[in-house]
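Open the model in your viewer and keep the sequence panel beside it. The stops below say what to select next and what is there.

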Amino acid sequence: MTVLLFAGVIASLISGTYPLLGAGTGHAHEGPIVKGRVDPARLAATPFAKPGLVVDRAGQPVLNDRGTLDAYLVAGGFTFQPAALRVPAGVPVTLHVTATDVVHGFQVTGTNVNVEILPGHVASLTVTFRHPGEQHVICNEYCGAGHHNMITRFIVEAPRETP
Ligand SMILES: [Cu+2]
């Protein structure tokens, strides 16, 4: 049995006044996310169109001006996108999560990271995964017949050695 210790997960909920990333993402525009609100029918025009970590052209994660990484996740149709997300240990990651259809939950099991995800709203929270390993995310708001299949995971990777 594998015991995962992630004692140091920090989550802070930041209500919908989040400035969006711009520089360094390769996105020419920010897309219509305004004060934590987004049109669920127009996610294609937002960073949610590419769920996952925001990376530069070389595929490297990009720190935003608050010193965190950004990741976009979408809940809907009984899935989370992306189905798995690689993040570095020890680096704060701001998760931006929205829903396409109905209310969902977003809970990182075994931690206090737990938010309600509503269509039209963006929940933004900053989490630092302290230790390499896997952390599972479940939907904890009953959303329909496929609710029990709604899961994703963070694959927390040890930081690379800097030369
Ligand atoms: Cu659900």
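Select residues 104-108, which are strand β9, together with residues 133-138, which are strand β12. In this predicted model, the two strands run antiparallel and are joined by 2 bridges. To see one pairing, pick glutamine 107: its bridge partner in β12 is isoleucine 138.

Keep β12 and add strand β13, residues 151-157. β12 and β13 pair in the antiparallel sense over 6 bridges. Which residue of β13 is the bridge partner of glutamate 134? It is isoleucine 155.

Go back to β9 and add β10, residues 114-117. β9 and β10 are antiparallel as well, with 4 bridges between them. Here phenylalanine 106 has valine 115 in β10 as its bridge partner. Strands of a sheet pair through backbone hydrogen bonds, either parallel or antiparallel.

Now show the whole sheet. It is an open sheet of 5 strands in the order β7-β13-β12-β9-β10, and its pairing is mixed. Which strands are at the edges? They are β7 and β10, each of which pairs on one side only. On average, neighbouring strands of this sheet are turned by 25° against each other, direction ignored.

Zoom out to the full chain. The protein chain has 13 strands and 0 helices. Of its 163 residues, 27% count as buried. Among contacts with a separation of 6 or more, 62% are between residues 24 or more positions apart.

Next, look for the largest nonpolar core, which has 32 residues. Select Ala71, Leu73, Ala75 and Val97, the residues with the most contacts inside this core. Strands that each supply at least two residues of the core include β5 (69-76), β8 (92-99) and β11 (123-128). β5 gives the most, with 6 residues. In a regular strand the side chains alternate between the two faces of the sheet.

Stay on alanine 75 and leave aside its neighbours within four places in sequence. Alanine 75 is then in contact with Phe80, Val97, Ala99, His104, Phe106, Ile117 and Cys139. Phe106 is the residue whose bridge partner in β10 is valine 115.

The next stops concern the backbone. Most residues other than glycine have a negative phi, and most peptide bonds are trans.

- Select phenylalanine 78, in the loop between β5 and β6. This residue has a positive phi of about 65° although it is not a glycine. Phenylalanine 78 counts as partly exposed because it has 17 C-beta neighbours inside 10 Å.
- Select glutamine 81 and proline 82, which are joined by a cis peptide bond with omega of about -5°. Proline 82 is in the loop between β6 (79-81) and β7.
- Select lysine 35, in the loop between β2 (33-34) and β3 (37-38). Lysine 35 is not a glycine, yet its phi is positive, at about 50°. Is lysine 35 buried or exposed? It counts as exposed because it has 11 C-beta neighbours inside 10 Å.

Finally, colour the chain by pLDDT. The mean for the protein chain is 84, and 79% of its residues reach 70 or more. Over residues 1-29 the pLDDT is below 50, and this stretch has 52 contacts in the model beyond near neighbours in sequence. Where pLDDT is low, the predicted coordinates should not be read in detail.

Methods: Residues are numbered from 1 along each chain as its sequence is written. This is a predicted model: local features need pLDDT of at least 70, side-chain atom pairs count only at pLDDT 80 or more; totals for chains, interfaces and linings use all residues. A residue is buried if 20 or more other C-beta atoms lie within 10 Å of its own, exposed if 12 or fewer, and partly exposed in between; C-beta atoms are placed from the backbone. Two residues are in contact if their C-beta atoms, placed from the backbone, lie within 7 Å. Two strands pair if DSSP finds at least two bridges between them. A nonpolar core is a set of buried Ala, Val, Leu, Ile, Met, Phe, Trp, Tyr and Cys residues joined through C-beta atoms within 7 Å. pLDDT is the predictor's confidence in each residue, from 0 to 100. Axes are lines fitted to C-alpha atoms, for helices over the stretch in contact, and angles run from 0 to 180 degrees between N-to-C directions.
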